[in-house]
Amino acid sequence: MNPFSAIAASVIPNPTPVVPAQAGGLLTILNWASGIGLVLGVLGVIIVGIGMVIQLQRGEGAQAIGKLGWVLMGCIIITGSAGIVRAFV
């Protein structure tokens, strides 16, 4: 083993992340925002589904598939936002 790597391993700290007690209010707001975002995402899927039914009756159903993709992509981003942030921090 290299003697410099042993010294570096003993000098470089390895901190564990801890949420400060003062962040309780911020975490509550983030939880509410995430919940509201998911509810709006489900509502968006329902609205796009209704639009697809109406457009299928007129023969224009393929145009609504793109809208459904955008809504589902938003739901995926909202659901995975904690993991996305954790990957960069």
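**Exercise 1. Place W32 and decide whether it is buried or exposed.**

Solution.
- Step 1: W32 is found in helix 2, which spans residues 24-58. The model is predicted.
- Step 2: Take the relative accessible area of W32, which is 60%.
- Step 3: Apply the cut-off: exposed means over 50%.
- Step 4: W32 has 60%, so W32 is exposed.

**Exercise 2. Find the residues that make a nonpolar surface patch with W32.**

Solution.
- Step 1: Start from W32 in helix 2.
- Step 2: Add I36, L40, L43 and I47, which make the patch together with W32.
- Step 3: Read off the area of this nonpolar surface patch: about 550 Å².

**Exercise 3. Work out how helix 2 and helix 3 run relative to each other: roughly parallel or roughly antiparallel?**

Solution.
- Step 1: Helix 3 covers residues 62-79. Its axis lies 9 Å from that of helix 2.
- Step 2: The packing angle between the two helices is about 170°.
- Step 3: Angles over 145 degrees count as roughly antiparallel. Helix 2 is therefore roughly antiparallel to helix 3.
- Step 4: Now list the contact. Helix 2 supplies S34, G37, L38, G41, G44, V45, V48, M52 and Q55. Helix 3 supplies Q63, A64, I65, K67, L68, V71, L72, C75, I78 and T79.

**Exercise 4. Describe A82 and its separation from S34.**

Solution.
- Step 1: A82 sits in helix 4, residues 81-88.
- Step 2: The relative accessible area of A82 is 43%. Partly exposed lies between the 20% and 50% cut-offs, so A82 is partly exposed.
- Step 3: In sequence, A82 and S34 are 48 residues apart. In space, their C-alpha atoms are 9.7 Å apart.
- Step 4: S34 also belongs to the helix 2 side of the contact with helix 3.

**Exercise 5. Summarize the fold and surface of the protein chain.**

Solution.
- Step 1: Count the elements: four helices and zero strands. From the N terminus, the order is α-α-α-α.
- Step 2: The protein chain has 89 residues, and 11% of them count as buried.
- Step 3: The exposed area is about 7,400 Å². Carbon and sulfur atoms supply 75% of that area.

Conventions: Residues are numbered from 1 along each chain as its sequence is written. This is a predicted model: local features need pLDDT of at least 70, side-chain atom pairs count only at pLDDT 80 or more; totals for chains, interfaces and linings use all residues. Side-chain values use heavy atoms; hydrogens and water are left out. Patches are made of residues with over 30% relative accessible area and no salt bridge: like charges are joined within 9 Å, nonpolar side chains (Val, Leu, Ile, Met, Phe, Trp, Tyr) within 5 Å. Accessible areas come from the Shrake-Rupley method with a 1.4 Å probe; for residues, only the protein chains shown count as cover. A salt bridge is a side-chain nitrogen of Lys or Arg within 4 Å of a carboxyl oxygen of Asp or Glu. Buried means under 20% relative accessible area, exposed over 50%, partly exposed in between (1.4 Å probe, protein chains only). Axes are lines fitted to C-alpha atoms, for helices over the stretch in contact, and angles run from 0 to 180 degrees between N-to-C directions. Angles under 35 degrees count as roughly parallel, over 145 as roughly antiparallel, 65 to 115 as roughly perpendicular and the rest as oblique. Contact means heavy atoms within 4.5 Å.
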